[in-house]
Amino acid sequence: MLLENLAGPPEKVDTSPKVSDEIKKTTCYMCACRCGINVHLQDGRVRYIEGNRDHPVNKGVLCAKGSAGIMQHYSPARLTKPLRRVGPRGSGEFEEIEWEEALRTATQWLSEIRNTDPRKLAFFTGRDQSQALTGFWATQFGTPNYAAHGGFCSVNMAAGGIYTIGGSFWEFGEPDWEHARYFLMFGVAEDHDSNPIKLGLSKLRANGAKFVSINPVRTGYSAIADEWVGIRPGTDGLFVLSLVHELLKADRIDLDFLVRYTNAPWLVIRNPGGADDGLFARDEAGEPLCWDKRVDAAKPATHAGVTPALVGEFDLGDGRKAVPAFELMAGRYLDERYSPDRVAGECGLPAATIRRIAAEIAHAAFEEEVVLDVPWTDWAGRRHDRMIGRPVSVHAMRGISAHSNGFHTCRALHLLQMVIGAIDRPGSFRYKPPFPKPVPPGPKPAGKAEQIGPNKPMDGPPLGFVAGPEDLLVDADGTPRRIDKAYSWEAPVAAHGVMHMVITNAWKGDPYPIDTLFMYMANMGWNSAMNVPGTLKMLTDRDEATGEYKIPRIIYSDAFYSETVAYADLILPDTTYLERWDCISLLDRPISDADGPADAIRQPVVQPDRDVRPFQDVVIELGYRLGLPAFTTEDGKPKFPGGYPDYLANHERTPGIGSLAGWRGAEGRQHGKGAANPRQLEKYVENGCFWKLELPPGQRYFKHANRDYLEWAASVGFIPEAKPVVMQLYSEPMQKFRLAAEGHGPVQPPDSERERIRSYFDPLPLWYAPFEEQAVEAADFPLNAITQRPMAMYHSWGSQNAWLRQIHGHNPLYMSRELGERLGIEDGDWVDVTSHHGSVRAIARLMEGVNPNTVWTWNAIGKRKGAWNLEKDAPEATKGFLLNHIISELLPERGGGYRYSNSDPVTGQAAWYDLRVRVEKAHDSAENSEPAFAALRLPKAIVSRPRILRYGAEFRARRNRG
Ligand code: SF4
């Protein structure tokens, strides 16, 4: 019977049926990657999403999340109307109000603050892709208390890179997938940078390059790695410095690269106890000096034609001695402390593996040179016939970033790249324009006392790059000026703010109380918080004297009924990403690749069917109602009456520089820089909603020193002037902080902070055990606990999506089979996971491919009952859990009563991968994840969900009719 059927005439299957009346192009927002998508529409409804084959980011590739954007758009958790809280915070009791009333209320609250003390507004956004607007809005409002999600995520990576090589991984740089022969990947979440990495890895594999994944867990991309190195969390920096040790010892380093492109030859003053100790020796013009071997004298290091010494001690002629930075670097890492035998135990790796990987790196770098027959000219006008590359690439993200030693670990990685000469050369890491930038780049963060006042915009952005203690935002006595204590002595280089401390500090009134917490897309009452139970208490806690909430007002804008909504007083409902204009700007975090700059927009492909508004339109409207100068004409009218699209086309940050770089000028013929073009968005839409400029071949590598590239980059405003970007193997800004801690200079830390600053502001990369590991007893908490991001989900948005939930309905606690056996735990057992801060209950799963002393789970799947309009007994709430509950935002006290934030001491990055736990089989029979919070009540404005969500029935009905 079966054979008869098989032998029958072949069935005609239409593999590309027409599924839509219309196709609109836009940009995906189902994760941070920003792929181009074609949205197929039928009868005005979203029918199908496919990848845009012409798009520079994904070249047509679409992931499970991107396809499931349909169910994000039609999610039953969508907010439908502005809401005002009428019950106590957390009760979910709201009344619906009209937009006019919502905007009037917000304006009244905010104008009271602006008229008196703008710092009483804390404006924090989450995975906001419009930070060029929201940051500018905060500047105009006059509050320094602004940041987005970066301090919770990967600021160590960004700051470590920007302060070392003038660029960083992901949005500011990428591996040379085409030419790499050896690729090292450290701790990368699947949204950083999802589809480009998949495309890149397939190229690497096709080219026969070796892919080594260094990660405590073999998930995601690691699954196809040639070699998985299951390192112990928090020890990557030690591993990398041991590789540097091996390379130095074997003399497998690129001295020519170090001399030409890094500050290795710059002379460092040796004057122990002096105010200039450890700073660079400079000439009268402020140029750093090197020792020119040809003339045996100190000469400006940045001049062409010098032949600098890399070792030796030199007399500066004024009684001071100095040594090249290289000598200090080599002296430190050649020490046996960094030998593979010494670090192997701490890293949980065999010494032989470290030695072999170092040898493989050296082999790929020096025996497999890549040569491109592409001439180029360097900054000094020297013509090079070819581009010669060291084909070792590195990519790293949050896995090494989210530790209290992450900043230095990231610097160590860049040191490794510099030592083998593998930066922006064929086969190595490559900068993405507008990077590289000077190290550190401008501007400085605004927020000093003189920059803030009633009804006054700040004269600079709230986030920037400090170059020394004088740039900190502290009062004369060292008191932090920002609510999150960013840019204070506790987190001096907090380039992305310190989001995880906002609620705690506001609740404590430390350093001062605030009036309004304004949040956008930031689930700060759940998975974007540490210490979730404590956070919810702080959001609901009242002042005993007045009976008012300690954080008096909370305004929140979100598209969905997330866990945080119930804790806000005023809800401004946002649209989905398919219903609005948006901008992925070069002023923010662009979608460039190494061959040229790119930016993109979103256009509304469908109209909202609810009473919601794009948040960007709302802040522009609030800007006008508050009279913020940049949003108001001189005669008091709205400057951008057409909302965000009007702003995108017509706002200029500085003359010729706006949100979008493509099709500028009145005729739309200029790219990069030019006058505003009122028809700019039409050009973007015509071009598939993106702009991409291809650099000429001679400008695609050596961008840090490539004259033609630097001149062009300066002409379009990417860099202030066409000067080479010198990589900073030795960091002078770090040393300036250290000198302040030692009692030098006009701005010094309070005594309580001196030792901390002195210890962690090392001008050379440093490794120390993560703070939580140092603070708790190893016997009590013997295991590391971390999270991973599943390919199929992005934060809490993805884990409420009806299709994606079918892939991961809950998150178990994974551990090695060996550990399970040791602890008497079997696959499927309920276990209690306990940290110094609290306990959670979860289901255990045993597996291969995880470091034996590490347990892990998927990030942000656990949900609160009632939130996201899920069923009451949704597995996310009954079997899923959050590790965040047991991660404290504060470190244990170490004498003196003060508890520092659980952060990197340099950048303030949340150290949520430092968690130490013990795991025990649950001793009672309860089979529910814990802690279990009371179910949130669904506001009336949200229609209760059908028991089974159905999608597509209407299209089927139409097809059947037709
Ligand atoms: S990788 Fe991210 S942006 Fe790209 S399609 Fe998937 S979800 Fe969308």
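A residue counts as near the ligand if one of its heavy atoms lies within 4 Å of it. The views below come from a predicted model.

**View A. The shell around the ligand.**
Cysteines of the shell include Cys 28, Cys 31, Cys 33, Cys 35 and Cys 63. Met 30 and Leu 62 also stand around the ligand. So do Arg 34, Lys 65, Gly 66, Ser 194 and Asn 195. Two elements, α2 (64-67) and α8 (194-207), give two or more residues each to this shell. By class, the shell has 7 nonpolar residues, 3 polar and 2 charged.

**View B. Helix α4 against helix α5.**
Helix α4 spans residues 99-116, and helix α5 spans residues 131-141. Their axes come within 11 Å and cross at roughly 55 degrees. Angles of 35 to 65 degrees fall outside the parallel and perpendicular ranges and count as oblique, so α4 is oblique to α5. From α4, the contact takes in Leu 110, Ile 113 and Arg 114. From α5, Trp 137, Gln 140 and Phe 141 meet them. The residues of this contact divide into 4 nonpolar, 1 polar and 1 charged.

**View C. Helix α9 against helix α11.**
Helix α9 (residues 236-249) packs on helix α11 (residues 325-333) at an angle of about 105 degrees. The axes are 9 Å apart. Angles of 65 to 115 degrees count as roughly perpendicular, and α9 and α11 are therefore roughly perpendicular to each other. On the α9 side, the contact residues are Leu 241, Val 244, His 245 and Leu 248. On the α11 side, they are Met 329, Ala 330 and Tyr 333. This contact has 6 nonpolar residues, 1 polar and no charged residues.

**View D. An open sheet of 3 strands.**
The strand order is β26-β27-β30, and the pairing is antiparallel. Strands β26 (582-584) and β30 (690-692) stand at the edges. Each has a single partner strand, so one side of each is left without a neighbour in the sheet. From one strand to the next, the twist averages 10 degrees. Strand β27 (residues 598-602) pairs with β30 in the antiparallel sense over 3 bridges. Within that pairing, Ala 598 has Lys 692 of β30 as its bridge partner.

**View E. Strand β34 and its partner β33.**
Strand β33 (residues 830-834) pairs with β34 in the antiparallel sense over 5 bridges. A hairpin of 4 residues joins β33 to β34. Ala 842 in β34 is the bridge partner of Val 831. Strand β34 is mostly covered, with 7 of its 9 residues buried.

**View F. Strand β32 alongside strand β34.**
β32 pairs with β34 (residues 839-847) in the parallel sense, over 4 bridges. Leu 813 stands opposite Ala 844 in β34. Met 815 stands opposite Leu 846 in β34. In a regular strand, side chains alternate between the two faces of the sheet. In β32 (residues 813-816), Leu 813 and Met 815 point one way. Tyr 814 and Ser 816 point the other way. All of these residues are buried.

Technical notes
Residues numbered from 1 in each chain as written. Predicted model: local features only at pLDDT ≥ 70, side-chain atom pairs only at ≥ 80, totals over all residues. Heavy atoms only, no water. Buried < 20%, exposed > 50% of the residue type's maximum accessible area, 1.4 Å probe, protein only. Pairing = 2+ DSSP bridges. Nonpolar A, V, L, I, M, F, W, Y, C, P; charged D, E, K, R; others polar. Axes fitted to C-alpha atoms, helices over the stretch in contact; angles between N-to-C directions. Parallel < 35°, antiparallel > 145°, perpendicular 65-115°, else oblique. Contact = heavy atoms within 4.5 Å.
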